[in-house]
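Here is a short report on how parts of a structure meet. Take a look at the model before reading on.

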Amino acid sequence: MSSASPASTVTPPPVFQVRGLTKTYGEGEAVVRALAGVDLDCHAGEFIVVLGASGSGKSTLLNLLGGLDSPTGGTLRYRDQNLGTADEAGLTLYRRNSVGFVFQFYNLIPSLTARENVALITEIAPDPMTPEEALELVGLGARMDHFPAQLSGGEQQRVAIARAIAKRPAVLLCDEPTGALDVRTGIVVLEAIERINRELGTLTLVITHNAVISDMADRVLTLSDGLITQVTANPQRKPASGLRW
Amino acid sequence: MSLLDRKLLRDLRALKSQALAVALVMACGLTMMIMTRSLILSLESTRDDYYREHRFAQVFAKLKRAPHAVTEQLAAIPGVAAVQTGIALQVTLDLPGMAEPATGLIQSLPERGELNLNRLHLRSGRMLVGRGSTGEILAGEAFAEANNLKPGDEISAVLYGRRQTFRIAGIVLSPEFVFEAPPGAALPNNKTYGVFWMPYRELAAASNLDGAFNQLSLTLVPGAAEQSVIAAVDRILRPYGGRGAYGRESHPSHTRVRDEINVLQGLSVGFPLVFLSVAAFMTNAVMSRQITLQREQIAMLKACGFANREIGWHYFKFALVIVVAGTALGALGGVALGHQLVEMYHLFFRFPQLDFRLAKGVLVAAILVCSLAAVIGVWGAVRSAVRLPPAEAMRPEPPASFRPALVERIGIGRFFTTPFRMALRNIGRRPARALLTSLALALATGILVVPSSFRDGINHVLDFQWDLIQRQTVFVALIEPGPPRALADLRALPGVITAEPVRAAPVELRAGNRFRRLGLNGLPAGSTLNRVIDAHNREIALPPHGIVLSAKLAEVLAVRPGDALQVRVLDGKRPEFSVPVVALSEDFAGTAAFMEIGALNRALGEGDRISGAYLTVAGGRWTEFLRATKETPRIGNVVIKQAIRDGFRKTTAESIGLIQKIYLTFATVVAFGIVYNSARISLSERQRELATLRVIGFSRGEVGAVLVGELTLLTLAALPFGLVIGSGLASAIIQTVNNEFVRLPLILTPANYAFAVLVVSVASVLSALLACRRLNHLDLVGVLKARD
């Protein structure tokens, strides 16, 4: 590592640096190896799509990167922080300040309006945008005061994205963000994610079963049996609006 | 075991702490119900058996002196079944090693055979029968125990100025002295007051009553009119100095047992009802949540062909397990506490045997009542679950819809934090549940106010009765009313600083057809030792003409200041006169009437006489003073204020202390159960929401705050209501407990309120923390993946 090199001439240090990452669940005969030794570097502004069958380990990888779980072995660094050895409070702080999550089932707080769901984060994050800005970014400026039950699935997912990015996270982790949506709505949601990635330079990882989405990515990782079996770099990212499935 | 039952067991295991919380609240209600009903059964059956087996009389009378021949006249009164006449004599006792003088009541045993009525129960030693046994005596158990006397021990008494020593032949009990307290005293003082029996001949000789009697008891034939028998007895005894016959309902020992049973009866309904209602609500909350969670399972069962009835029964059985656990715990608690309280009753009541008898009928009723509570609790939830068509039920429930809370709609919502607004909206979405939770917490708070208000009431009475009204060190009663010179003699006793005379006479006060018999007290107008005080703590100066009544007596007689009262003196020259009621005094024990001593003496027509005196005595010469009173034959009775006060504190404080502990436990259980249960249900319903908050970076503490925010609001809302409910409960209970003999004022202090608030708050915080511990086990990843 050339720590003294001028920033302009070399690639900046990766956001994530993963080496020999393993994760096992259970003990003895019942042991399940979810990750069997993953090496990976992710850089700021990258759009990465992770593909793989059920049980391939892609969700485990996302959970470890997001600080929802701790690895069994290997190293996992986020910038200067060793996430593998961080304690509960350290992981909470990491999630609070640096990571945005988007889930398949949105997970909005039903008793809060769209604006308030976003404000929940902006109240605790160190340098957030306003809830209004975040909702404008996902195209929901007009429906800010609606409760989740009054919003469509796509709208709910866009609120979830606004909530995830309102803190200006370094990383945006999306787990099947379009899994519960129809094509048209799914594309609207993907456009929102794409825009965040482009305009804010947020490192974005999207887990999906849907191979079509990989056309949007800079890199596509394929997982199988807890290992990265294939890495494809797209010379040209396709805009979300051009996708069809 | 069917598979559904196996499912039931596993579901129960998963919900065990919540089921336990509900069962505990239910058990509290049942404990109270089983304990009180069993105590009522124990006291009533023991009392009735004792009365029957020992032939407790139904009408009683005291008189100056009547020859034996009068007995036949009494027996001939229509309606009289049996007569027992005898002698009762108050004496001063001399106990070695005891400084203060003790008094005793010696009653006669018949010359032939056993007592016909009010038969004695031999505890140890042997019975005295017939004429023999000179110098032997039977002693009542309470006194013997308090003074550690056994058969064979000796005791000295001063009978009409002559000191005699007796050997105790046996220790006995009498149905007349189940509650063994000095005449007119509210509480027993077993160390300095005892009852004794000795053969008629010896007692008659000592009291110059040979061939005569001065007290009698009667039983009535079934269906006889007690009032007309009493009137006939009074008529017959008038020439012999009769002091007025009275029925069992006015018998001092009997009324105390009866009042205690009345208090238990009051407690056996209200409190259990409160607890069981809370338990029913909790069952409903737990079952509703359980059924919501198992919505898809219910749909599957229905799709597989299970009938609504079978599914309903399955969930009802779930509640039934809680009922059975609650009933078992409640029965155990009721029996355990009942045994403790029976022990406490030994302090007050003397029965040959007072055993705890479990009211088995109540146990059956308890199971029925609780099952009913459970059915009510489960009914609605099961009905809505089984009514859903299976296809619909298999789909997840639509997301909960919310709207802004009231405070937000009126525009002040922006002043609140987001978690606070979430709590408000959650309450707004389920107002009935919030209301019931709050109500249950309010009841827990209220339950705590009651025993403390009892304690404060008792302290108030102690201060009022013994600091404000009675300022003497001792009250000394003469054996017979004496001349004014007697006061000078008392004043001359060693250590006496001040002495104020009192003249007392047994009277019947009558207003229209209402009457009461009691001792009328004559006090000096400016009496400073035993003062007459009104409701505003102002001293009432006794006027030269007119009578002052205690407020309760005025209420009983339905008279007000200005009304006239007929006074019939039941002693001496037995004059009758009319006096105006001039003022009402305040006191908390018994009923009382006062006149200025000169006015009373004039009305009695026996010249200037005193019955006794209130004295203050210098502390340094106390032993000397007591020795002197023991050696003064004229003194019949010495009442030491401090001794009564100590006795009161010991007995009453002990029982109130026990009741307070019980209430404290119960209220804590309710507060704990309600908060824990609510937090757990909230946790289960909002698992996904809370997990999301954790994932997006909220700390455990912050998520915990969101979880308990709603409960905090409900608790805060409940506390003031609880204090209001508690004040109402205390007032209602004091109303039912209060009677002519003992009254408690309703005293509600800030300290009492603060204590109730503190206990409920602490219980709530602890149980919320316990529930929050489960946040540690929140499966962040799993919860987010699944759709609820």
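The notes below cover the domains of one chain and then two interfaces.

## Model and domains

This is a predicted model. The domain assignment splits chain B into domain 1 (52–255), domain 2 (430–462 + 645–788) and domain 3 (464–644). The centres of domain 2 and domain 3 of chain B lie 49 Å apart, taken over C-alpha atoms.

## Domain 2 against domain 3 in chain B

Here 13 residues of domain 2 of chain B are in contact with 16 residues of domain 3 of chain B. About 1400 Å² is buried between these two domains, and carbon and sulfur atoms give 45% of that area. The rule finds 0 salt bridges across this interface. Residue pairs in polar contact, both at pLDDT 80 or more, also number 0.

On the domain 2 side, helix H14 (431–469) and helix H19 (641–685) of chain B each give two or more residues. H19(B) has the largest share, 4 residues. By class, this side holds 6 nonpolar, 3 polar and 4 charged residues.

## Chain B against chain A

Between the chains, 30 residues of chain B are in contact with 26 residues of chain A. The two chains bury about 2600 Å², 60% of it on carbon and sulfur atoms. There are 5 salt bridges between them. One of them joins the side chains of Arg421(B) and Glu116(A), at 3.0 Å from N to O. Polar contacts link 11 residue pairs, both residues at pLDDT 80 or more.

Helices H13 (418–429), H20 (687–695), H21 (700–737) and H23 (780–785) of chain B each give two or more residues to the side that touches chain A. H20(B) gives the most, with 6 residues. That side of chain B has 13 nonpolar, 6 polar and 11 charged residues.

How values were computed. Residues numbered from 1 in each chain as written. Chains lettered and ligands numbered in written order. Predicted model: local features only at pLDDT ≥ 70, side-chain atom pairs only at ≥ 80, totals over all residues. Heavy atoms only, no water. Domains from an automatic or database assignment. Contact = heavy atoms within 4.5 Å. Buried area = accessible area lost by both parts, 1.4 Å probe. Salt bridge = Lys/Arg side-chain N within 4 Å of Asp/Glu carboxyl O. Polar contact = N/O pair within 3.5 Å; in protein donor to acceptor, adjacent residues only side chain to side chain. Nonpolar A, V, L, I, M, F, W, Y, C, P; charged D, E, K, R; others polar.
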